[in-house]
Amino acid sequence: MGFKKIFYLWLDLKHKGPDTHFFGQDPQTKNHEQTEFPRMLNMLEKGASIMANQNIEVYNCSPDTTLQAFPQMEYLKAVA
């Protein structure tokens, strides 16, 4: 699509308690740490190297995250 900068907002790849999503719990995916999160992390890490080779800057603007594939940036700085 031609983007040279991408900002992930609130992509933390973790949850607290039984709520697996911002809207609460998804009954189809109760064990995110063992199922979805490792797959997503693998995909994002592979994507990070591909995008870096294409000179695409990607930032994670989540203040509390387990995702380390991209440099972090404060949300207010990203939208400025």
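Helices and strands are runs of residues assigned by DSSP, with at least four residues for a helix and at least two for a strand, and they are numbered from the N terminus. By that rule, the chain in this predicted model has two helices and two strands. Going along the sequence, they come in the order β-α-β-α. Strand S1 covers residues 5-8 and strand S2 covers residues 57-60. Helix H1 takes up 36-53, and helix H2 runs over residues 75-79.

As for overall dimensions, the C-alpha atoms fit in a box of roughly 40 × 25 × 20 Å along the principal axes. The chain has 80 residues, and 28% of them are buried. Its accessible surface adds up to about 6000 Å², with 56% of that belonging to carbon and sulfur atoms. Contacts often bring together parts that are far apart in sequence: among contacts with a separation of 6 or more, 60% are between residues 24 or more positions apart.

What sits on the inside? The largest nonpolar core is built from nine residues, namely Leu 11, Leu 13, Phe 37, Leu 44, Ala 48, Met 51, Val 58, Leu 67 and Phe 70. Helix H1 gives the largest share of this core, with four residues. Leu 44 is a handy member to look at. Leaving out residues up to four places away in sequence, Leu 44 touches Tyr 8, Leu 11, Leu 13, Leu 67, Ala 69 and Phe 70.

One of those partners, Tyr 8, belongs to strand S1. Tyr 8 counts as partly exposed because its relative accessibility is 25%, which falls between the 20% limit for buried and the 50% limit for exposed. With residues up to four places away again set aside, Tyr 8 touches Leu 44, Val 58, Tyr 59, Asn 60, Cys 61, Ser 62 and Phe 70. For one of these, Asn 60, the C-alpha atom is 4.8 Å from that of Tyr 8, even though the two residues are 52 apart in sequence.

Next come the aromatic rings. Searching the whole structure turns up three aromatic pairs. In one of them, the ring centres of Phe 7 and Tyr 59 are 5.6 Å apart and the ring planes meet at 20 degrees, so this pair is stacked; the cut-off for that label is planes under 30 degrees apart. The pair ties together distant parts of the chain, since Phe 7 is in strand S1 and Tyr 59 is in strand S2, 52 residues apart. Are the two partners buried or exposed? Phe 7 is partly exposed, having a relative accessible area of 31%. Tyr 59, at 16% relative accessibility, is classed as buried, because buried means under 20%.

Phe 7 also shows up on the outside of the model. Together with Leu 9, Trp 10, Tyr 75, Leu 76 and Val 79, Phe 7 makes a nonpolar surface patch of about 620 Å². Three residues of the patch, its largest share, come from helix H2. Tyr 75 is found in that helix and is partly exposed, at 35% relative accessible area. Trp 10, another patch member, lies in the loop between S1 and helix H1. With a relative accessible area of 55%, Trp 10 counts as exposed, because the cut-off for exposed is over 50%.

The backbone has something to notice as well. Most residues other than glycine have a negative phi. Trp 10, however, has a positive phi, near 60 degrees, without being a glycine. Asn 55 likewise has a positive phi of about 60 degrees and is not a glycine. Asn 55 lies in the loop between H1 and S2, and with a relative accessible area of 62% this residue is exposed.

Finally, Ala 69 gives a reference point for two asparagines. Asn 55 is 14 residues from Ala 69 in sequence, with 15 Å between their C-alpha atoms. Asn 42, a residue of helix H1, is 27 residues away from Ala 69 along the chain, and there the C-alpha separation is 9.5 Å. Asn 42 is partly exposed, with a relative accessible area of 38%.

Notes
Residues numbered from 1 in each chain as written. Predicted model: local features only at pLDDT ≥ 70, side-chain atom pairs only at ≥ 80, totals over all residues. Heavy atoms only, no water. Patch = residues over 30% accessible without salt bridge, like charges linked within 9 Å, V, L, I, M, F, W, Y side chains within 5 Å. Areas by Shrake-Rupley, 256 points an atom, 1.4 Å probe, with all protein chains shown as cover. Salt bridge = Lys/Arg side-chain N within 4 Å of Asp/Glu carboxyl O. Buried < 20%, exposed > 50% of the residue type's maximum accessible area, 1.4 Å probe, protein only. Phe/Tyr/Trp six-rings, centres within 6.5 Å; stacked < 30°, edge-to-face > 60°. Core = buried A, V, L, I, M, F, W, Y, C linked by side-chain atoms within 4.5 Å. Contact = heavy atoms within 4.5 Å.
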